[in-house]
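Work through the exercises below with the sequence and the 3D structure at hand. Each task is followed by a solution in steps.

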Number of protein chains: 2
Amino acid sequence: MNAQRSRHGTRSLILESALELLCASGFSGITLGSLAKRVGMSKSGLFAHFKSIEQVHLAVAVYAYELFQENVVTPALGLDKGLSQLRETVSRWLEWTSRSCPPGGTPLVAAFFEFDDKDGPIRAVLLHQEVHWRGQLTRIVQETITCGSFREDLDVPQFVSALCGISYSFHVSLRFLREASSSQVAGRLVDAIIASAMKRSKGN
Amino acid sequence: MNAQRSRHGTRSLILESALELLCASGFSGITLGSLAKRVGMSKSGLFAHFKSIEQVHLAVAVYAYELFQENVVTPALGLDKGLSQLRETVSRWLEWTSRSCPPGGTPLVAAFFEFDDKDGPIRAVLLHQEVHWRGQLTRIVQETITCGSFREDLDVPQFVSALCGISYSFHVSLRFLREASSSQVAGRLVDAIIASAMKRSKGN
């Protein structure tokens with residue numbers, strides 16, 4: 001039992017270190033050498049927990065997405081369906097994007113650009129996660145229509161794509177350009193697309 | 001003279017190869033080893049043209065940005081200032097994003113995520129380029145206000161940020177998610193923010 005617990009603890013330590021490397025240098029920065037050095041164990045020690053570096057890559061992708069879900073999606077599920085849940089989810093999404101990495105930030109978004117033209121199992125996992133997350137956003141937007149806040153003819157895929165664009169633009173503005181106005185601009189963009197989707201603004 | 005021309009030709013060949021590596025694996029994928037192999041020359045041969053791999057990184061960043069300017073910004077400069085030039089620039093931007101990489105695509109946008117938390121000369125060059133490009137977009141949007149097409153109280157930084165968000169979202173949708181509707185959705189988003197900025201829609 002203790003051995004199992006210790007084994008679990010070491011695995012967590014390896015994943016934490018792998019996430020740090022992911023944040024710093026993307027998946028290509030997680031090598032057996034860099035990871036062994038970061039964790040402070042030998043390469044053969046790593047092999048006791050992960051059979052290959054690809055297994056580490058897959059496990060850290062899953063781990064980073066779990067953190068995103070726990071911090072962004074899950075806390076908003078307790079709110080009323082519709083606009084409240086949408087606003088809370090988007091607010092947490094932008095806040096998570098602005099947090100230092102790890103545990104926050106969006107290393108998986110960076111990986112979309114790292115893996116846009118590279119096929120393989122990591123890409124497949126990242127794609128599955130992003131489709132899942134956009135499905136959650138789509139459901140929340142559709143519920144906001146059902147609740148009567150958003151107009152019924154709203155183009156939901158277009159709305160979700162616009163939300164994603166705002167979050168990517170916020171990431172670049174805040175973390176790359178380091179503009180002081182990043183949060184304000186992103187907030188105003190979110191307010192604007194929500195206003196344009198509201199039922200009462202139809203035909204206005 | 002012939003020696004100079006040949007030297008210039010080899011330098012171009014090295015830059016083309018570096019751009020291919022940039023598209024495939026980001027700046028971290030351009031190493032002396034990978035570049036020498038791609039060009040088909042020895043590492044010491046490379047040193048005759050570039051004193052270090054950092055010099056290659058800087059040169060390829062400049063080269064990729066020149067290609068972007070030549071294909072996206074410059075051709076639109078011949079059009080009337082205002083909405084025509086804005087529409088042409090944005091249309092060319094999205095078209096360039098959708099082109100295979102190299103010579104198209106947006107390897108420099110991918111690099112924003114690679115260098116968001118990494119300081120140094122490459123980041124400084126990429127930042128300078130992005131500030132320059134957003135300055136060009138800002139000028140075109142301001143001219144669209146001056147020409148009377150866009151309303152005078154338009155929030156220009158917010159508009160430019162929204163445009164950038166649409167292009168990033170288009171990149172992810174097309175190249176990562178590989179959605180068939182990417183271009184249509186991006187086009188509708190551009191139409192929507194242009195419509196919301198038009199003078200005649202004020203107060204509507």
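**Exercise 1. Find the operation that superposes chain A on chain B, and name the relation.**

Step 1. Chain A is brought onto chain B by a rotation of 180 degrees with 0.0 Å of shift along the axis, and the RMSD is 0.0 Å. The superposition is by least squares on the C-alpha atoms of residues with pLDDT of at least 70 in both copies.

Step 2. This is the relation of a two-fold axis.

Step 3. Within chain A, the C-alpha nearest the axis belongs to Gly165(A), at 2.0 Å from it.

Step 4. Both copies use the same surface, since 100% of the contact residues of chain A recur in chain B.

A note on conventions: this is a predicted model, in which local features need pLDDT of at least 70 and side-chain atom pairs count only at pLDDT 80 or more, while totals for chains, interfaces and linings use all residues. Residues are numbered from 1 along each chain as its sequence is written, chains are lettered from A and ligands numbered from 1 in the order in which they are written, and side-chain values use heavy atoms, with hydrogens and water left out.

**Exercise 2. Describe the fold of chain A.**

Step 1. Chain A has nine helices and zero strands; helices (H or I, at least four residues) and strands (E, at least two) are DSSP runs, numbered from the N terminus.

Step 2. The C-alpha trace of chain A spans about 65 × 40 × 30 Å along its principal axes.

Step 3. In the loop between α5 and α6 of chain A lies Pro102(A), which a cis peptide bond with omega of about -10 degrees joins to Cys101(A). Pro103(A) is found in the loop between α5 and α6 as well, and the bond between Pro102(A) and Pro103(A) is also cis, with omega of about 5 degrees.

Step 4. The loop between α8 and α9 of chain A holds Arg178(A), a residue that is not a glycine yet has a positive phi of about 55 degrees.

**Exercise 3. State how much area chain A and chain B bury between them, and which residues of chain A supply it.**

Step 1. The two chains bury about 3500 Å², with 59% of it on carbon and sulfur atoms. Buried area is the accessible area (1.4 Å probe) that two parts lose on being put together, summed over both.

Step 2. Phe113(A), Gln158(A) and Phe176(A) supply 22% of the area that chain A buries against chain B, more than any other three residues.

Step 3. In contact terms (heavy atoms within 4.5 Å), 38 residues of chain A meet 38 residues of chain B.

**Exercise 4. Count the salt bridges between the chains, and find the helix that gives the most to the interface side of chain A.**

Step 1. Six salt bridges cross the interface of chain A and chain B, each a side-chain nitrogen of Lys or Arg within 4 Å of a carboxyl oxygen of Asp or Glu.

Step 2. Arg188(A) forms a salt bridge with Asp155(B), with the closest N and O atoms 2.7 Å apart.

Step 3. α1 (2-25), α6 (107-114), α7 (121-146), α8 (156-176) and α9 (182-197) of chain A each supply at least two residues of the side that touches chain B.

Step 4. α8(A) gives the most to that side, with 11 residues.
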